[in-house]
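Visitor: I would like to learn how to read the features of a structure. Please take me through one, step by step.

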Amino acid sequence: MLSLVKGLLGHERLYVALQKGVGADGLRYRCIEEIKPGDKVLDVGCGPAYYFDRLPEVTYVGFDTSQRYIEHARKRWGHKAEFRCEILTREHLATLPKFDKVLLFGLLHHLSDQDSAELLSIAAAALADGGVVISVDPTFEPSQGRISRWMSANDRGEYVRTPERYVEMAGVEFGRVEGEIWNDVTRIPSSHWMMRMSQPRATSA
């Protein structure tokens, strides 16, 4: 059953329905409350961008590797935003503006430590002065119940980490890392770690 659910997530409409069904959309909705009108927003791993209509008036660039997700997003929001079916690399930064918000929603727990480090480095380099990188991922934490722990252990991502480990990785690139555990957002018991990362160390140096 679990493998079937993971397979269905490749279909954009079923993915959105499942996100809303279990309440995972609430994680993203809570995160985007920090986005202000006029912000420049880089969304890495944007998927079908089903939450785009909740954003204020912003300059938005979304990256994802799923052609189906990107096509879905372009059909709905392509007249208001830019969507790229590519892996974000350091080379892209030369042609992109600096961003006030960089979004990494449900992404780090899919990446190895090495790949996470590279992504966080790119995200730090993409920030404008005063900008913030916002991430949210499943986590393992002492207070979570058995169902929540099972959800974290059986997530599609193979690199679900403790809050301390997420912070440790982020601290390599950012001088300020703030985070909080969210375990009251989804309909199914689950624990997520939300981080705000700012003050890139390379910029400070």
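Guide: What follows goes through strands, aromatic rings, charges and a surface patch. Keep in mind that this is a predicted model.

Visitor: Let us begin with strands. Why is strand β1 described as largely enclosed by the rest of the structure?

Guide: Start from the cut-off: a residue counts as buried under 20% relative accessible area. Strand β1 spans residues 40–44, and four of its five residues are buried, so the rest of the structure largely encloses it.

Visitor: Which strands does β1 pair with?

Guide: Take the partners one by one. Strand β2, residues 59–63, runs parallel to β1 and is joined to it by five bridges. K40 stands opposite T59 there. Strand β4, residues 99–105, also runs parallel to β1, with three bridges. On that side L42 stands opposite V102.

Visitor: How should I think about side chains along a strand?

Guide: The general idea is simple. Side chains in a regular strand alternate between the two faces of the sheet.

Visitor: How many residues of strand β7 are buried, and in which sense does it pair with β5 and β6?

Guide: Seven of the nine residues of β7 (192–200) are buried, which leaves this strand mostly covered. Its pairing with β5 (residues 127–138) is antiparallel, over six bridges. V136 stands opposite M194 in that pairing. Strand β6, residues 174–182, pairs with β7 in the antiparallel sense too, over eight bridges. Here E178 faces R196 as its opposite residue.

Visitor: Now the rings. What describes a pair of aromatic rings?

Guide: Two quantities do: the distance of the centres and the angle of the planes. In this structure the count is seven aromatic pairs. Take F52 and Y60. Their ring centres are 5.1 Å apart and their planes meet at 85°, so this pair is edge-to-face.

Visitor: Are F52 and Y60 buried or exposed?

Guide: F52 counts as buried, at 8% relative accessibility. Y60 is buried as well, at 2%. F52 has another partner, W77, in a tilted pair with 5.4 Å from centre to centre and 35° between the planes.

Visitor: Where do F52 and W77 lie in the chain?

Guide: F52 is in the loop between β1 and β2, while W77 is in helix α4 (residues 67–77), so the pair ties together parts that are 25 residues apart in sequence. W77 is buried, with a relative accessible area of 9%.

Visitor: Which residues form one aromatic cluster?

Guide: Y29, Y50, Y51 and F105 do. Y29 also meets a charge: the charged end of R54 sits over its ring, 3.7 Å from the centre.

Visitor: Y29 brings us to helix α3. How many of its residues are buried?

Guide: Seven of eight, so to speak of α3 (residues 25–32) as mostly covered is fair. Among the buried ones are Y29, C31 and I32. R30 is partly exposed, with a relative accessible area of 30%. The charged end of R30 sits over the ring of W182, 4.8 Å from the ring centre.

Visitor: Salt bridges next. How many does the structure hold?

Guide: Ten. One of them joins D184 to R30, with the closest N and O atoms 3.7 Å apart. D184 lies in the loop between β6 and β7 and R30 in helix α3, so the bridge ties together parts 154 residues apart in sequence. D184 is exposed, at 56% relative accessible area.

Visitor: What does R196 meet in a salt bridge?

Guide: The side chain of E34, at 2.7 Å from N to O. R196 belongs to strand β7 and E34 to the loop between α3 and β1, so parts 162 residues apart in sequence are tied together. R196 is partly exposed at 22% relative accessibility, and E34 is partly exposed at 24%.

Visitor: Which residues are linked in a network of salt bridges?

Guide: D113, R161, R165 and E168 are. A separate case to look at is R90 with E118, whose closest N and O atoms are 3.3 Å apart.

Visitor: Last, the surface. Which residues form a nonpolar patch there?

Guide: I147, W150, M151 and I188 form it, with about 360 Å² of accessible area together. To find the patch, go to helix α6 (residues 146–153), where I147 has its place.

Note on methods:
Residues numbered from 1 in each chain as written. Predicted model: local features only at pLDDT ≥ 70, side-chain atom pairs only at ≥ 80, totals over all residues. Heavy atoms only, no water. Buried < 20%, exposed > 50% of the residue type's maximum accessible area, 1.4 Å probe, protein only. Helix = DSSP H or I, 4+ residues; strand = E, 2+ residues; numbered from the N terminus. Pairing = 2+ DSSP bridges. Patch = residues over 30% accessible without salt bridge, like charges linked within 9 Å, V, L, I, M, F, W, Y side chains within 5 Å. Areas by Shrake-Rupley, 256 points an atom, 1.4 Å probe, with all protein chains shown as cover. Salt bridge = Lys/Arg side-chain N within 4 Å of Asp/Glu carboxyl O. Phe/Tyr/Trp six-rings, centres within 6.5 Å; stacked < 30°, edge-to-face > 60°. Lys NZ or Arg CZ within 6 Å of the ring centre and 35° of its normal.
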